[in-house]
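Thanks for sharing this one with me. Here are my notes, set out point by point so that you can follow along in the viewer.

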Amino acid sequence: MSPARTAAGTTKSGRIDPASALWAHDLALLPPDALIVGVDEVGRGPLAGNVVAACVVFDRAGGPLAGLNDSKKLTPARRAAVAPEIRARAVAWALGEATPDEIDTINILQATFLAMRRALTALRE
C-alpha cells in the first residue's frame, strides 16, 4: 500500500483519494467479471504535432493506483514515476495517434476521437 494512502482509501490528511473514489464508482457500474478500461488523450492544446491517446486495461482485483485520477494534474516527475507502474499492472495498453493533417481535415475533437479509436483497435492487434 502506498504510504500516502490508508486502508480506507483516504490520504494522510483525511481526504478521500480521488483514485479510490473513481475506482469504487466504476466498480459499482460494472458486472463482477468486467475489466476496467480507461482512455485519455494528450496533445489537444499545442498548435503543432500529433494528438495521442492511450488506452489502458486493468483487472479490477488490482485496485486503484493511489493518487492517480487525472494525469494532466500530475507533475512531470510524478507522471514519469507512475508510468512504469501503470504498464506493470495493466492487463493491456496501447497508443493511438492522429496527425496534424488529420486534425486540419476533421478538426481537433474528431481527431481526438480518431486517436482514441486507434488506441482501442491497437489493443486487439
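The points below go from the interior to the surface and end with one backbone detail.

1. A word on the source before anything else: this is a predicted model, so please read each point as a description of the model.

2. I would begin with the largest nonpolar core, which has 10 residues in all: Val-51, Ala-53, Cys-55, Ala-98, Ile-103, Ala-111, Leu-114, Ala-115, Met-116 and Ala-119. Two elements, E2 and H4, each give two or more residues to this core. The most comes from H4, with five residues. Apart from this core lies another one of nine residues, including Trp-23, Phe-58, Val-82 and Ala-90.

3. Cys-55, a member of the largest core, is worth clicking on. Leaving out residues up to four places away in sequence, Cys-55 touches Val-37, Gly-38, Val-39, Ala-92, Trp-93, Ala-94, Ala-119, Leu-120 and Leu-123.

4. How many aromatic pairs does the model hold? The count comes to one. Trp-23 and Phe-58 form this pair with edge-to-face geometry, at 6.3 Å centre to centre and 65 degrees between the planes. The partners belong to distant parts of the chain, 35 residues apart: Trp-23 sits in helix H1 (residues 18-29) and Phe-58 in strand E2 (residues 51-58). Both Trp-23 and Phe-58 are buried.

5. Is Glu-41 buried or exposed? This residue of strand E1 (residues 36-42) has a relative accessible area of 11%, so Glu-41 counts as buried, the cut-off being under 20%. Beyond its neighbours within four places in sequence, Glu-41 is in contact with Val-51, Val-52, Ala-53, Lys-72, Thr-112 and Met-116. Among these contacts, Val-51, Ala-53 and Met-116 also belong to the largest nonpolar core.

6. On the surface, a nonpolar patch is formed by Leu-35, Val-37, Val-39, Val-91 and Leu-120, with about 380 Å² of accessible area together. Val-91 lies in strand E3 (residues 90-98). Three members of the patch, Val-37, Val-39 and Leu-120, are also on the list of residues that Cys-55 touches.

7. Finally, have a look at the backbone of Asn-107, in the loop between helix H3 (100-106) and helix H4 (108-124). Phi is near 85 degrees here, a positive value in a residue other than glycine. Most residues other than glycine have a negative phi. Asn-107 is partly exposed, with a relative accessible area of 40%.

Terms used: Residues numbered from 1 in each chain as written. Predicted model: local features only at pLDDT ≥ 70, side-chain atom pairs only at ≥ 80, totals over all residues. Heavy atoms only, no water. Patch = residues over 30% accessible without salt bridge, like charges linked within 9 Å, V, L, I, M, F, W, Y side chains within 5 Å. Areas by Shrake-Rupley, 256 points an atom, 1.4 Å probe, with all protein chains shown as cover. Salt bridge = Lys/Arg side-chain N within 4 Å of Asp/Glu carboxyl O. Helix = DSSP H or I, 4+ residues; strand = E, 2+ residues; numbered from the N terminus. Buried < 20%, exposed > 50% of the residue type's maximum accessible area, 1.4 Å probe, protein only. Contact = heavy atoms within 4.5 Å. Phe/Tyr/Trp six-rings, centres within 6.5 Å; stacked < 30°, edge-to-face > 60°. Core = buried A, V, L, I, M, F, W, Y, C linked by side-chain atoms within 4.5 Å.
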